[in-house]
Amino acid sequence: MKNYNFMEKQKTAFIIAAVVIVLGVVSMIFRGFNLDIDFAGGSELSVTIGKNVSGEIDTIKDIVKEATGLEASSVAKSGADSNQAIIKTKELSTEQTDKLFEALKEKYDLKADTFDSIDTVGSTISGETQKTAIMSCLIAVLLILVYITIRFQFTSGLSSIACLAFNIFTMLAFYSLLQIPVNSNLIAACLTILGYSINATIVVFDRVRENNKKFKQTSFEENANNAIKQTLARSVSTTITTLLTITMVYILGVDSIKNFALPIIIGIIAGVFSSVFLGAPLWSFFNKIFAKKSKQNKTELNKA
């Protein structure tokens with residue numbers, strides 16, 4: 001990487017980012033999202049079947065379909081008890097719930113008289129969850145833009161927001177591609193990635209600013225390229241350390257933890273890519289755009 005010119009090869013990075021974006025859009029259009037009851041509303045039922053749930057997931061889904069006429073959005077084992085199944089589906093009526101329990105009781109010879117627990121999330125609550133997720137991310141992004149603008153420049157703020165948008169979009173693309181259940185964990189995952197990514201980007205931007213002050217005769221592109229190289233070891237080592245931890249959480253965790261850890265892993269990888277390959281090139285790109293607009297405005301004023 002010592003001889004690699006990040007600024008000259010920015011087109012390659014932009015192409016890779018564009019490919020990820022296109023694939024993400026295609027997946028979102030044709031596959032959509034696997035909305036959990038937190039976002040779509042529905043019923044969550046838990047029942048102890050007396051067997052390890054991992055080997056019975058497909059069977060339970062078939063029973064749900066036959067008894068209720070609805071597809072189960074997910075069937076997973078409880079974190080505390082591998083014999084307890086957590087069934088999530090669209091909102092069930094009392095009649096559908098009773099039919100489902102009777103069907104499960106017949107299949108697994110259940111000892112209980114009803115489900116261990118039944119939780120229902122209405123459309124109003126799920127709608128509020130969606131608004132909370134969107135507002136949380138927008139507020140975080142706005143505050144980051146203000147901070148970066150004050151700390152550096154408005155153009156660097158724009159480039160950092162573009163990087164953050166890419167990171168979040170990449171994570172959402174994998175939510176769609178892998179059909180990871182979209183639930184309240186999404187809010188925590190998005191805010192985690194926003195915080196982690198902006199920290200890595202600020203490290204690079206801070207070194208770019210220092211290089212610009214020290215080497216005023218050198219071009220912005222050269223100073224930025226040197227800044228990326230100077231911070232590369234830090235960026236890579238920090239990312240590897242974080243990935244090792246979160247990967248172990250993913251490997252050893254239960255399904256609900258895995259569905260939270262996997263998007264974080266994807267977001268971290270996207271974050272190091274954007275901070276190293278996209279941040280400074282986008283800063284340079286926005287500088288050139290605003291410089292051109294400034295020249296055009298001056299020319300128009302002179303003509304007037």
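Leaving aside its neighbours within four places in sequence, which residues is leucine 186 in contact with? In this predicted model, the partners of leucine 186 are Phe39, Met171, Leu172 and Tyr175.

Leu186 also belongs to the largest nonpolar core, a set of 43 residues. It is listed there among the residues with the most contacts inside the core, together with Met171, Tyr175, Val208, Ile228, Ile246 and Ile268. Five helices each give two or more residues to this core: α5 (123-151), α6 (154-177), α7 (185-214), α8 (220-252) and α9 (255-303). Helix α7 supplies the largest share, 12 residues. A second core is separate and holds 19 residues. Its members include Val53, Ala67, Val75 and Tyr108.

Tyr108 leads to helix α4, where it is one of the buried residues. The others are Thr97, Leu100, Phe101 and Leu104. Viewed down the helix axis, the buried residues of α4 fall within an arc of 100 degrees, so they line one face. That buried set packs against two strands named β1 (42-48) and β3 (84-89), against helix α3 (57-68), and against β4 (117-121). Glu95 and Glu106 lie on the other side of α4 and are exposed.

The length of α4 was also checked. The helix covers residues 94-108, 15 residues in all. At 1.5 Å a residue it should span 21 Å, and its end C-alpha atoms are 21 Å apart, so the two values agree. Aspartate 109 follows α4. The phi of this aspartate is positive, near 55 degrees.

Terms used:
Residues numbered from 1 in each chain as written. Predicted model: local features only at pLDDT ≥ 70, side-chain atom pairs only at ≥ 80, totals over all residues. Heavy atoms only, no water. Helix = DSSP H or I, 4+ residues; strand = E, 2+ residues; numbered from the N terminus. Expected span 1.5 Å × (residues − 1). Buried < 20%, exposed > 50% of the residue type's maximum accessible area, 1.4 Å probe, protein only. Arc of directions from axis to C-beta. Contact = heavy atoms within 4.5 Å. Core = buried A, V, L, I, M, F, W, Y, C linked by side-chain atoms within 4.5 Å.
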